[in-house]
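Grab a pencil and work through these exercises on empty space in a protein model. Try each task before you read its solution.

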Amino acid sequence: MNIKVIESKNKKKKPENMDVEFGSIFTDHMFIMDYEEGKGWINPRIEEYKNFEISPAALIFHYGQSMFEGMKAYKTENGKIYLFRPQKNIERANNSNKRLCIPEINEEDFLKAIIELVKIDEDWIPKQKDSSLYIRPFVIATEPSLNVKPSSKFKFIIILSPVGAYYKEGLNPVKIWVEDEYVRAVRGGIGAAKTGGNYAASMLSQEKAHKAGFSQVLWLDAIEHKYIEEVGAMNIFFKINGKIVTPMLNGSILPGVTRASVIELCKSWNMEIEERRVSCEEIHKAAKDGTLEEVFGSGTAAVISPVGTLKFGEEIYEINNGKIGEVSQKIYDTITGIQTGKIEDKFNWIVEVK
Ligand code: COI
């Protein structure tokens, strides 16, 4: 793939600190490529980050045919630029594409597009602790049509945003509300795909939780409301009596790249870790008998986010006295250490941009 590069003449001022809302600042450039039925993915280009024209009838606006991903680039102390397991995100992107009837994107081209874009905007990678350059690739359906059908035209776009911590709490434990009224996704639906509809479905509950002083909601399974699924922007882990447990991938949970990394790390430390159904009853019991030692979420944006409070119906449980647990801290330190080149990458997770 030959990417045409048109450098922006309107370079923007970079932020002095990362004390801004997650994903609210964008760099100077973006990558765009178009899809047309019969031609495939065409016209790969890097150009100025700016608004673009799209028909009001584009299918994305009406039926939501879209896919997105999230990954991060880091600058190491000796000036190298690292990506964390981008191939896993690319593989997941194409799985989402398949589920949403979006044409797949060649994996090498996808990675090349990210690398070339990050290189051109490398001065935007923040150097402050716990900050990085968030990479948001996405596809939207652009054919003008009100007919409910897969689009024959798409745009694949990558934008970049310098970010600090996802939650205002940073690495301090967050408060999570267990949602027992609405559901996020059901097996056979689109829960395992990274697509806007899943997030649109989550907003009403998130608003309810925010108003009550909680950061996010923890979803239960859509059929019985008995089993734990995932948190709004993260997968979830529990440490019960020394053992780590996390809901298994069942078709309605997002297969997180950080989730997979947490599991591989724990296994490499010979920790007991189980991927299985986790019932609410088990969590209530562990919280009551004192064996619920730690709870934490994992995600690209949040990395590792300890949970200090769980509101479960009428019960409110404080986990580990509202403090970050030892295992959560160790996983956070190791993953961020590998991502920023401070810890040796024994797993081959890093892809060097330069
Ligand atoms: C991510 O962790 O990258 C996500 O996509 C979560 C959220 C920001 C939507």
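**Exercise 1.** How much space lies in the largest cavity?

*Solution.* A word on the ground rules: this is a predicted model, where local features need pLDDT of at least 70 and side-chain atom pairs count only at pLDDT 80 or more, while totals for chains, interfaces and linings use all residues. Residues are numbered from 1 along each chain as its sequence is written, and side-chain values use heavy atoms, with hydrogens and water left out.

Step one is the term: on a 1 Å grid over the protein atoms alone, a cavity is a set of points where a 1.4 Å probe fits but cannot get out, whereas a pocket is an open set with protein on both sides within 12 Å along at least five of seven lines; lining residues have an atom within 4 Å of a point. Volume is the space filled by probe spheres set on the points, which are joined across faces, edges and corners. Step two is the value: the largest cavity holds about 70 Å³.

**Exercise 2.** Work out where the largest cavity lies relative to domain 1 (4-163) and domain 2 (174-339).

*Solution.* Start with the lining: M71, K72, Y74, F84, N89, V257, T258, T300 and Q339. Next, note that β5 gives the largest share, three residues. (Strands are DSSP runs of E, at least two residues, and helices are runs of H or I, at least four, numbered from the N terminus.) Finally, both domains, whose bounds come from an automatic or database domain assignment, give residues to this lining, so the largest cavity lies between them.

**Exercise 3.** Describe the largest pocket: its volume, its lining and its chemistry.

*Solution.* First, its volume is about 1000 Å³. Second, 46 residues line it, with D130, S131, G164, A165 and Y166 nearest its centre. Third, α8 (326-339) tops the contributors with five residues. Last, sort by class: 17 nonpolar, 16 polar and 13 charged, where Ala, Val, Leu, Ile, Met, Phe, Trp, Tyr, Cys and Pro are nonpolar, Asp, Glu, Lys and Arg charged, and the others, Gly among them, polar.

**Exercise 4.** Do likewise for the second largest pocket.

*Solution.* Its volume is about 740 Å³. Of its 33 lining residues, F68, R136, Y166, Y199 and A233 are closest to the centre. By class, the lining of the second largest pocket splits into 14 nonpolar, 14 polar and five charged residues. Domain 1 (4-163) and domain 2 (174-339) each provide at least three of the lining residues.
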